[in-house]
Amino acid sequence: MGLMKMLSFPRRRESISSPSLPWRTNAEHEMSNIKRWIVKGALIACAMWSLTSAQALTMDEARGIAVGESDARIEALTQAVAQGDDKTALYLQALADDVVKIANGQVLVVRDGQGTDPVTGQAVPVPPDAEDVMLNNRLRGEIDTALAALKLFSADVKVRRQAALSLLKEPDASRAALLEKALASEKDPAVQSLVRQARAAAMLGSDVANDRLLAARELAGSQQPETLLLLNQQLAQEQEPSVQQQIQKSLAAVQDSLRWGERLGTLFTGASLGSILLLVALGLAITYGLMGVINMAHGELMMIGAYATYVVQALFREHLPQAFDAYLLVAIPVAFITSALVGAVMECTVIKHLYGRPLETLLATWGISLVLMQGVRSLFGAQNVGVENPSWMSGSLQLLPNLQLPWNRVLIIVFAAAVLIGVALLISKTRLGLFVRGVTQNRPMASCMGVNTARIDTYAFALGSGIAGLAGCALSQVGNVGPDLGQSYIVDAFMVVVLGGVGQLAGTVYAALGLGLANKLLEGWTGAVLAKIAVLVFIIVFIQKRPQGIFAMKGRSAEA
């Protein structure tokens with residue numbers, strides 16, 4: 001009432017009947033209005049300033065958060081966060097960074113040896129007896145959540161969205177007022193929805209049944225996986241029948257909204273596994289499918305490609321740390337060349353003497369695989385080595401609230417497609433590919449036409465081995481690199497080649513993607529072990545009915 005009285009002004013009575021100076025009367029009215037609004041604005045500004053000053057961080061609040069028992073410090077933290085001012089946010093960030101000290105009851109923020117008063121922001125000397133503020137894990141968690149709450153008022157929409165998600169995952173009824181304040185000032189519809197859901201999650205544990213009912217109804221529109229956990233926890237302890245019924249309805253609605261994300265996630269996981277199988281099987285499709293060599297050392301050629309990637313990474317980390325993110329671009333050709341050279345040596349020294357004798361080839365390549373594994377153990381040790389993703393392969397792509405696509409998996413799918421296109425063009429469009437197809441379909445005729453079949457065998461085997469090295473380079477970005485790396489994929493690679501059709505790249509693609517999707521779809525129903533067994537049984541039955549695989553070999557070799 002006092003403020004209203006100050007802002008009310010008596011109306012000045014003017015003589016509007018005077019005909020002599022009508023313009024002076026209007027001017028007086030205008031000046032009176034202008035003066036009145038200026039005074040009103042000044043008084044309102046002073047009132048708002050006083051309210052804002054009352055909400056600013058005080059030294060008592062800063063001290064209450066810094067020292068004392070954990071419960072009292074958390075209570076002081078909750079009261080300070082409810083104000084939501086910038087100084088509180090800066091002070092809490094300083095606490096999280098462990099740069100807050102206390103001396104003689106005064107709290108200081110010390111960065112680079114310079115002390116600052118967290119309340120006034122002015123520079124202050126740092127006493128020699130200043131002690132660090134101690135934080136336990138509980139307090140650190142509360143400070144992190146409080147910082148997320150204060151980020152609701154950030155100018156960046158993405159920051160506000162992440163803050164609302166964080167508060168939705170860790171609801172706290174004491175922050176309901178802060179969420180109301182954020183909701184009143186929020187303009188982005190998506191963030192508004194998340195803030196409302198966070199407010200509902202905070203009120204889900206209210207003592208008032210109607211509040212819990214309204215909160216459960218609001219959470220029915222959520223598309224966050226964390227909401228399911230909150231609703232299930234409340235349902236387990238809820239006593240009110242009407243609230244129980246609403247929670248069950250909300251649970252069904254949230255599950256329906258998340259189902260598409262789960263389905264798409266399963267398809268992506270299957271496609272990711274299929275792309276890895278495709279990379280593994282492409283090299284084998286050349287050495288076994290086109291050349292007829294049962295190469296049991298194919299997995300070890302992949303292992304060599306993975307260790308070549310590890311060596312390149314170590315060299316970049318030691319000599320070119322500033323260009324570390326580019327190491328993978330160098331590792332790809334190095335892995336290909338290293339595995340191709342090892343494959344060429346294998347073919348020239350052992351395999352070329354065993355063409356036409358599949359059993360002896362199988363035993364010889366199995367022995368070579370043991371030699372390669374032991375050689376790697378001697379050079380690098382028996383333990384797995386760490387291969388780090390470049391920064392541009394880290395993180396994930398968020399498509400849905402419950403669907404995140406890791407960048408390393410996405411890029412491996414793209415890499416597998418690029419390798420497939422490159423191999424297809426090499427086989428179908430180049431002179432080497434023409435010679436390989438000619439030798440595969442009719443070796444005597446190709447020899448009569450002047451083709452050096454021995455050299456083509458070496459080139460083809462080196463090509464298949466190099467592609468195995470590329471597969472190892474890709475696998476190093478998604479799993480462990482060790483001497484036994486290739487053993488996990490060799491059986492699956494042979495199954496892909498046999499199922500797709502010997503010598504058929506298109507069949508290899510269909511078989512790899514089909515097996516990857518089938519494995520992941522069946523895992524959700526039967527588990528990983530039974531899914532593997534089911535896939536193996538399917539392949540056996542399929543090969544019994546169609547021995548040539550999905551695609552049969554065309555040409556004279558099919559008549560042999």
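Student: In which helix is the place of Ala506?

Tutor: This is a predicted model, in which local features need pLDDT of at least 70, side-chain atom pairs count only at pLDDT 80 or more, and totals for chains, interfaces and linings use all residues. Residues are numbered from 1 along each chain as its sequence is written, and side-chain values use heavy atoms, with hydrogens and water left out. Helices (H or I, at least four residues) and strands (E, at least two) are DSSP runs numbered from the N terminus. Residues 505-526 make up the helix that holds Ala506, which is α21.

Student: What is the relative accessible area of Ala506?

Tutor: Buried means under 20% relative accessible area, exposed over 50%, and partly exposed in between (1.4 Å probe, protein chains only). Ala506 counts as partly exposed, because its relative accessible area is 39%.

Student: How many helices and strands does the protein have?

Tutor: Let's step back to the whole protein, which has 560 residues, 40% of them buried. Its secondary structure comes to 22 helices and seven strands.

Student: What share of the contacts with a separation of 6 or more joins residues 24 or more positions apart?

Tutor: Contact here means heavy atoms within 4.5 Å. Among contacts in the protein with a separation of 6 or more, the share from residues 24 or more positions apart is 70%.

Student: In what order do the five strands of the open sheet lie?

Tutor: Two strands pair if DSSP finds at least two bridges between them. In this sheet the pairing is antiparallel, and the order is β4-β3-β2-β1-β5.

Student: Which are the edge strands?

Tutor: An edge strand of this sheet pairs on one side only. One is at residues 123-124 and the other at 131-132: β4 and β5.

Student: Which residue of β5 does Lys101 stand opposite?

Tutor: Strand β1 (residues 100-103) pairs with β5 over two bridges, in the antiparallel sense. Across from Lys101, β5 has Asp132.

Student: What angle does the direction of helix α3 make with that of β2?

Tutor: Axes are lines fitted to C-alpha atoms, for helices over the stretch in contact, and angles run from 0 to 180 degrees between N-to-C directions. Helix α3 (residues 59-66) packs on the sheet and touches β1 and β2 (106-111). Its direction and that of β2 make an angle of about 75°.

Student: Which residue takes a positive phi in the hairpin of β1 and β2?

Tutor: β1 and β2 run antiparallel, joined by four bridges. One of the bridge pairs is Ala103 with Gln106 in β2. Two residues lie between the strands of this hairpin, and the residue with a positive phi, near 55°, is Asn104.

Student: And which residue takes a positive phi in the hairpin of β2 and β3?

Tutor: Three bridges join β2 to strand β3 (residues 114-116), again antiparallel. Arg111 stands opposite Gln114 in β3. This hairpin has two residues between the strands, and the positive phi near 55° belongs to Asp112.

Student: Which residue in β7 stands opposite Gln398?

Tutor: Strand β6 (residues 396-400) and strand β7 (residues 403-406) run antiparallel and are joined by four bridges. They form a hairpin with two residues between them. Facing Gln398 in β7 is Gln404.

Student: Why is helix α20 largely enclosed by the rest of the structure?

Tutor: The buried residues of α20 include Ile490, Phe494, Met495 and Leu499. Helix α20 spans residues 490-500, and it is largely enclosed because, of its 11 residues, the number buried is nine.

Student: Which residue follows α20?

Tutor: Look for a positive phi, near 115°, just after the helix. That residue is Gly501.

Student: Is Thr227 buried or exposed?

Tutor: Thr227 has its place in helix α11 (residues 225-237). Its relative accessibility is 0%, so Thr227 counts as buried.

Student: With which side chain does the side chain of Thr227 make a polar contact?

Tutor: A polar contact is a pair of N or O atoms within 3.5 Å; within protein, one must be able to donate a hydrogen and the other to accept it, and residues adjacent in sequence count only if both atoms are side-chain atoms. Leaving aside neighbours within four places in sequence, Thr227 is in contact with residues including Leu168, Leu219 and Val254. At 2.7 Å, the polar partner of its side chain is the side chain of Ser222.
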